[in-house]
Each structure stands twice: as C-alpha cells, then as structure tokens.
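Let's take a relaxed look through this structure, starting with its cysteines and moving on to its pocket and its backbone.

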Amino acid sequence: MLKTFSPFDNMRPENLMTLARRMRRLQAPKGRLLFTEGDEEKQTYYLLSGTIDLMAEGEVIGTVRSGTAKAKNPLAHALPRPYSAVVTSDKIEYLHIDSEFLDVVVTWDQTGSYKVSELRGFDEDSSPPADDWMTALLQSKAFHRIPPANLQAVFMRLQRVDYRAGEVVIKQGAEGDCIYIIVKGSCIVTRETPLNKEGIKLAELRMGDTFGEEALISDTRRNATVTMASDGCLMRLGKDDFRKLLHEPLLEWVDYGDAQRAVAEGGQWIDVRLPSEFEHYRADGAINIPLYSLRMKMGALDRNRRYIVCCDTGRRSSACAYILSERGFQASVLKGGLAATEVARK
C-alpha cells in the first residue's frame, strides 16, 4: 500500500517496514476536520479512500479524491498549513505519521550506502532483527539531534558491548564517557539519595532506548545508575565522537529570498527529493538530482557555479550540500526547506 504513495514508491523494503510500524491507519466521518488552516503540527496525512475538500478562509479551493495523482502526495503538508481539510464523502480512510520521523527515515533511506547488518556486526542467531532496534532508535529524540550529514558516521562508530544481568553499565557520580543504545535486553535506572543508599527506581529501559547523553551534552557527572535487568547487548558511542557528530558540519544556510537572488545571479537550484516529490511541486528552474544518485551525477556539475540545495525540510539537502562542499563545490542549503516557502503553499 505504501508504495502507491510518494516518496515511498522509491524506498527500500526494509525502510518501508520501519515506516509501516509507525504508520496509523484511521477513519473519519463526513464533516470531520482532519487539520485546520494555519496548523503547525508536524504530522503527515495520506488519503486512502474517499474525498476531502481543501478550504482557505472558508472557501473551497480544491478537492482531493483517493486514487488520483493528487492523492499520491501528502495532504497540504506545508507548515503552517495553507488549507483546512474537510471530509466530504460518507467517510474516509487515511494514513497518519509523525513528519519528523518520516523525514529521518527517508533521509536514512537515501544516504545509507550499506545494510544495517553490516553496521551492527551481530550474529544473526543471537541478535534481534536489525530493523527492530533501528526503528526504535530512529524515534529517539537523542538521535534526532544528530545532523543528517553525520548519520552514516554515527552508525559506523557504534561499538557493540555484551552485558550480563545485574551488571552496572554506568554509575551515578561517574564521569560521562559514552552514550548507550539498548539493542537487546532491558535496563533499570536508579538514583541514590541521602535517605536511600540502595537507590530509588526511576525507570526501566528497553530495546531502542538511549541513555547517558545528558552527561555528555552538559559535561557533568552521571546523575543516575543504570543496571542490566537481563542479559543483553548495548551499542555505545564515545564522548568525543558524540560531541563531534552532534555538531552540524560547516554548511552555509540561506533563506528563500537569498536563494532566489543567488539563482537570479547565475546560481542553480538542486532539488534532492525523489522524482515523485519533485513532480508534485518544485522551485522554478530546479533540476532534480535525488540524494541517492548525487555521487553518480556529480561529474556533470560546474565547480564554478553556486548551487542552492533544497528538499522539503532541509534534512536531506544538508546531507547533499555537505557531500558537495567536501568535493569543492559551492553549495548552500535552503533553510527550513521548500515546505516552508510559497512554492509549497501554492
């Protein structure tokens, strides 16, 4: 089903499965508002069946019917939303997913040049399926802090560590040296107080949860103890790698007005979204070079020309601009992406 929509039609099966696990399939009756004009909630909607009207300032300005070319793309996904969406058929069925999570997975799908099984170094018989802990990790806020251009470097530098039940992973009061990701098993978080030296249980962590990042970000000592509740396996990323990879690579960001002026002065838009997304809407004069094919087509680009790289949000385009900049091209990133500009609102 997902393959009938954009940008899922060009994605890898394992990443589609990751999205499917987070996608909600819902229904709404006639007259229901799916979202309202001016809404800034980061949620993405796809119409599976039925009909909706798009309204601006109380006037119907368009209709979307399931199964049509217009319904292949997300519904009015620019933020703030330029339209309200009202159900006009007896009922509709639709898909609903967090936009940030969707964008991270699409970026990973296009930048990942290797399989997760190559990154984790696990024996197939003794470890959980790769997409299980990957799915959980992609949902974590700590992961979202990592700049897109650094996604691959993060996974390449993760180290596997096996633990036994009862073993202490980090101790309250110790210096922070790593961030940890639970791949298999579970952990208990406790905090010692003056009245309770045994420690008060604060939380239980499971596969895909991360811990230890607070001490690395704030450069303070550990504020809790984390102990294995069962035999398990963790991935860890060292303090120096974490701090380095948290920072955005040296990129130049430009707003839409500056980008237009740069193009008028001889620059060129490069849209790194998938072809189906590009066909839906795009900046005037843009060329489409999907992120996954950038390295193959780089030889046709002019090193003496300035390129303004864009996508929907800025996540994929920042990864692309970093690759171009590393190879000596003049590349800037559209701040906020096309979804925040008049191009999407039109």
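In this predicted model, you'll find zero disulfides. A disulfide is a covalent bond between the sulfur atoms of two cysteines. Why does Cys310 not have one? The closest cysteine sulfur, in Cys311, sits 7.3 Å from the sulfur of Cys310, and that's too far for a bond, because a disulfide needs the two sulfurs within 2.5 Å. Cys310 is also buried, at 1% relative accessible area. Another cysteine, Cys233, counts as buried too, with 3% relative accessibility.

Now for the largest pocket. Its volume is about 570 Å³, and 28 residues line it. Ser99, Asp103, Asp312, Thr313 and Ala339 are the ones nearest its centre. Which element gives the most to this lining? That's helix H2 (99-111), with five residues. Strand S3 (43-49), helix H10 (275-280) and helix H12 (315-326) each add at least two. By type, the lining splits into nine nonpolar, nine polar and ten charged residues.

Next, the backbone. Most residues other than glycine have a negative phi, and most peptide bonds are trans. Here are some spots that go the other way:

| Site | Feature | Angle |
|---|---|---|
| Ser6 and Pro7 | cis peptide bond | omega about 10 degrees |
| Leu79 and Pro80 | cis peptide bond | omega about -5 degrees |
| Glu57 | positive phi | near 55 degrees |
| Ala76 | positive phi | near 40 degrees |

Pro7 lies in the segment before helix H1 (13-22). Pro80 is in the loop between strand S5 (59-65) and strand S6 (84-87), and Ala76 is also in the loop between S5 and S6. Glu57 belongs to the loop between strand S4 (51-56) and S5. Are these two positive-phi residues buried or exposed? Glu57 is exposed, at 73% relative accessible area, while Ala76 is buried, at 14%.

Conventions. Residues numbered from 1 in each chain as written. Predicted model: local features only at pLDDT ≥ 70, side-chain atom pairs only at ≥ 80, totals over all residues. Heavy atoms only, no water. Buried < 20%, exposed > 50% of the residue type's maximum accessible area, 1.4 Å probe, protein only. 1 Å grid on protein atoms, 1.4 Å probe; cavity = no way out; pocket = protein on both sides within 12 Å on 5 of 7 lines; lining within 4 Å. Points joined across faces, edges and corners; volume = space filled by probe spheres on them. Helix = DSSP H or I, 4+ residues; strand = E, 2+ residues; numbered from the N terminus. Nonpolar A, V, L, I, M, F, W, Y, C, P; charged D, E, K, R; others polar.
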